[in-house]
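Me: I have a model open on my screen and would like a close look at one part of it. Could you walk me through the charged pairing and what surrounds it?

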Amino acid sequence: MTLLNHRRKFYIFTGLGFALWMLFFDANDLRSQARNWWKLRELEQEKAFYQEQIELTKAEQKEVLGSQRLRIKYAREKYLMKKRNEDVFVLVDENDEPLEK
């Protein structure tokens, strides 16, 4: 009976020691797991942001590559390019959208 009791205590203490080691001292301890989880959330948010930016850029590219007139208009509005002897004014509505599309 005492041998069985000693063996049971041995396995319990060994299991507790292993669990403590894995939770606090291992390379993948709880702190590292929590840090990795937060980093994953941040990276997922960045991914969503950049995917949205890619879609906006693709829409702008599609708009600009339509014709030479649209390319010139885009360059003048977006980058404020102009000819030597002219001033460029962009008229916008209440939502800061150009009136001419």
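Reply: Let's start with Glu-44, which is partly exposed because its relative accessible area of 41% falls between the 20% and 50% limits for buried and exposed. Please keep in mind that this is a predicted model. The side chain of Glu-44 meets that of Arg-41 in a salt bridge, with 3.2 Å from N to O. That distance qualifies because a salt bridge needs a side-chain nitrogen of Lys or Arg within 4 Å of a carboxyl oxygen of Asp or Glu. In general, side chains of opposite charge can pair when their charged atoms come close. Arg-41 also counts as partly exposed, at 29% relative accessibility. The structure holds one salt bridge, and this is the pair that makes it.

Where do the two partners sit? Both Glu-44 and Arg-41 belong to helix α2, which covers residues 30-64. They are three residues apart, about one turn of the helix.

Now for the aromatic rings. The structure holds three aromatic pairs, and two of them can be described here. One of them joins Trp-37 and Trp-38, whose ring centres are 4.9 Å apart with 80° between the planes, an edge-to-face arrangement. Trp-37 is partly exposed at 41% relative accessibility, whereas Trp-38 reaches 54% and so counts as exposed. Another pair is formed by Phe-49 and Tyr-50: the centres of their rings are separated by 5.2 Å and the planes lie at 65°, so this pair is edge-to-face. The label follows because planes over 60 degrees apart count as edge-to-face. Phe-49 has a relative accessible area of 44%, so it is partly exposed.

Next, follow α2 to its packing partner. Helix α3 spans residues 68-78, and α2 packs with it at an angle of about 130°, the axes being 8 Å apart. That angle makes α2 oblique to α3, because it fits none of the ranges for roughly parallel, roughly antiparallel or roughly perpendicular. On the α2 side, the contact is made by Glu-60, Glu-63 and Val-64. From α3 come Leu-70, Arg-71, Tyr-74 and Lys-78. Sorted by class, this contact of α2 with α3 has three nonpolar residues, four charged ones and no polar ones.

Looking at α3 itself, Lys-73, Tyr-74 and Ala-75 are buried. The buried residues of this helix pack against α2, and Tyr-74 is also listed among the residues that make the contact between the two helices. Arg-76 is found in α3 as well, but this residue counts as partly exposed, at 22% relative accessibility. If you would like a distance to check on screen, the C-alpha atoms of Arg-76 and Thr-57 are separated by 17 Å, with their positions 19 residues apart along the chain. After α3 comes Leu-80, which has a positive phi, near 55°.

Finally, have a look at the chain before α2. Met-22 is found in helix α1, residues 2-25. With a relative accessible area of 34%, Met-22 is partly exposed. Setting aside neighbours within four places in sequence, Met-22 is in contact with Asn-28 and Asp-29.

To come back to your charged pairing: Glu-44 and Arg-41 meet through their side chains, and both lie in α2, the helix that packs with α3.

Definitions and conventions: Residues numbered from 1 in each chain as written. Predicted model: local features only at pLDDT ≥ 70, side-chain atom pairs only at ≥ 80, totals over all residues. Heavy atoms only, no water. Helix = DSSP H or I, 4+ residues; strand = E, 2+ residues; numbered from the N terminus. Buried < 20%, exposed > 50% of the residue type's maximum accessible area, 1.4 Å probe, protein only. Axes fitted to C-alpha atoms, helices over the stretch in contact; angles between N-to-C directions. Parallel < 35°, antiparallel > 145°, perpendicular 65-115°, else oblique. Contact = heavy atoms within 4.5 Å. Nonpolar A, V, L, I, M, F, W, Y, C, P; charged D, E, K, R; others polar. Phe/Tyr/Trp six-rings, centres within 6.5 Å; stacked < 30°, edge-to-face > 60°.
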